[in-house]
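User: Got a model open here and I'd like to walk through it with you. Can we start with the sheet?

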Amino acid sequence: MTFIGLTVNGRAVNRPVDPRTHLADFLRDQLDLTGTHLGCEHGVCGACTLLLDDMPARSCITFAAACDGAHVTTIEGLDNDEIATELRAAFSREHALQCGYCTPGMLISARDLVLRLETSDERTIRVGMSGNLCRCTGYVGIVRAIRSVIDARRSRGIAPIHGAGRRQLGPVGSGNGTFAKFAGVARPAIPKAHEPPEDSAALLVPDFVPDKNFNEHFIVGFPPGKVFEMFGDLRQVAACLPGAVLTATPTPDRAEGLISVKLGPISANFRGAVRIERDPTTLSGRIIGIGNDQRSRSSTQGDIRYHLLPADTGTCTRVELSIGYSLRGFLAQIAREGLVRDLAKRLTAEFARNLGSSLSGTALDQPKSLNGLVLAFHLLKKALWKVLRGDQSA
């Protein structure tokens with residue numbers, strides 16, 4: 001997963017995104033900007049057209065990661081735009097829309113023509129709008145609406161802008177992100193207040209919908225109040241978690257750190273951050289985390305919800321866990337669901353043991369990383385034992 005920083009409709013946005021995610025999907029799914037419509041998803045119909053650094057672009061064939069550092073304007077961002085306002089009125093007046101599905105892309109492409117054409121030549125407008133398809137109107141009303149706006153603005157003495165502000169050759173967005181590295185173009189700086197730090201852990205930890213979910217629980221021999229109090233001490237919690245290390249001073253609602261996992265010859269160091277939510281009235285909480293391993297180019301997101309319940313007349317605590325996770329990249333290809341669940345079960349047991357030791361004041365003795373190879377041998381032995389038992393019973 002890649003972290004990108006861009007400006008969308010004048011608002012700074014810092015989000016993680018899969019490298020293969022297109023800009024249109026990023027805007028619709030993560031930012032709820034559904035005015036950008038998807039039609040052909042091949043860059044042909046023009047329904048997804050938006051402004052990328054003030055230039056019309058097809059968002060269905062533009063990778064979101066390639067827009068790092070760019071300024072994106074969708075149809076929602078043109079609510080108060082002078083030209084877009086005139087075009088909307090003209091489209092309504094000239095009956096230039098019916099179902100309206102193509103209209104957002106039409107308006108953005110038309111705005112570019114109004115900016116740069118000296119005259120309202122019909123042939124030039126038709127050529128300029130040829131990348132936006134409409135299956136309803138027959139284009140007559142659309143062309144008429146655009147011509148009327150161009151004529152009205154030129155009659156008011158508003159001159160065209162040569163190239164509509166284009167300052168360099170190359171594809172739209174070539175001054176930013178991935179394109180800039182190959183083209184040798186200096187990337188425009190994002191204001192310091194919004195520029196994403198190089199360390200991904202310093203970014204916001206977003207909510208997400210986990211790909212997989214399962215439940216776990218364990219018993220610890222101390223009352224719920226004491227356990228909940230310790231859960232608020234992130235340094236102690238990290239010390240109880242095998243392979244976890246804090247990399248910055250934690251706050252009550254946030255921590256940054258590193259967790260190491262070893263799966264045979266493969267070692268992964270997930271560096272990231274967690275966001276903490278706690279409810280003392282119900283003795284429950286939530287930990288949302290995100291991390292990246294640069295070596296394996298893998299990323300993970302986790303959502304752990306816990307609830308502390310009294311056990312054995314309140315002298316002990318039953319810790320109920322609801323665990324959700326998503327895994328991307330190389331490790332997702334080898335970490336099957338069963339392996340992850342068993343790893344989580346052993347991790348939970350190790351955490352519970354360390355938690356009890358910490359609460360009793362006993363020194364902790366934990367491994368430096370989560371050893372998946374040991375787990376694999378454990379699973380193999382368990383599977384063989386089941387087979388042997390089946391053979392004997394047969």
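**The sheet and what packs on it**

Analyst: Sure. There's an open sheet of five strands in the order S2-S1-S5-S3-S4, with mixed pairing. Strands here are DSSP E runs of at least two residues, helices are H or I runs of at least four, and both are numbered from the N terminus. This is a predicted model, so local features need pLDDT of at least 70 and side-chain atom pairs count only at pLDDT 80 or more, while totals for chains, interfaces and linings use all residues. Residues are numbered from 1 along each chain as its sequence is written, and side-chain values use heavy atoms, leaving out hydrogens and water.

User: Which strands are at the edges?

Analyst: Strand S2 (11-17) and strand S4 (55-58), each pairing on one side only. Two strands pair if DSSP finds at least two bridges between them. Neighbouring strands of this sheet are turned by 40 degrees against each other on average, direction ignored.

User: How do S1 and S2 pair, parallel or antiparallel?

Analyst: Antiparallel: strand S1 (residues 2-8) and S2 share seven bridges. Thr-7, for instance, has Ala-12 in S2 as its bridge partner.

User: OK, and which strands does H1 lie across?

Analyst: Helix H1 (residues 23-30) lies across S1, S2, strand S3 (49-52) and strand S5 (71-73), and runs at about 105 degrees to S2. That angle is between N-to-C directions, from 0 to 180 degrees, using axes fitted to C-alpha atoms, for helices over the stretch in contact. Contact means heavy atoms within 4.5 Å. Helix H3 (residues 103-116) lies across S3 and S4, at about 45 degrees to S3.

User: Switching to the core. Which residues touch the most other members?

Analyst: In the largest nonpolar core, 45 residues, those are Phe-26, Leu-27, Leu-87, Phe-91 and Ile-146. A core is a set of buried Ala, Val, Leu, Ile, Met, Phe, Trp, Tyr and Cys residues joined through side-chain atoms within 4.5 Å. Buried means under 20% relative accessible area, exposed over 50%, partly exposed in between (1.4 Å probe, protein chains only). The largest share, seven residues, comes from H3.

User: What does Leu-27 touch?

Analyst: Val-8, Asp-32, Leu-33, Thr-36, Leu-50, Val-72 and Thr-74, leaving aside residues up to four places away in sequence. There's also a second, separate core of 22 residues, including Phe-214 and Leu-308.

User: And H7, which of its residues are buried?

Analyst: In helix H7 (residues 224-231), Pro-224, Val-227, Phe-228, Met-230 and Phe-231 are buried. Down the axis of H7 they fall within an arc of 160 degrees, so they line one face of the helix. The arc is taken from the directions from the helix axis to the C-beta atoms.

User: How many disulfides turn up?

Analyst: Zero in the whole structure, with a disulfide being two cysteine sulfur atoms within 2.5 Å. For Cys-40, the nearest cysteine sulfur belongs to Cys-45, 3.8 Å away. For Cys-48, the nearest is that of Cys-60, at 3.6 Å. Cys-40 is partly exposed at 27% relative accessible area, and Cys-48 is buried at 3%.

User: Last one: what's the phi of Asp-53?

Analyst: It's positive, about 55 degrees, although Asp-53 isn't a glycine. Most residues other than glycine have a negative phi. Asp-53 is in the loop between S3 and S4, partly exposed at 25%. Tyr-139 also has a positive phi, near 75 degrees, and is in the loop between helix H4 (122-128) and H5.
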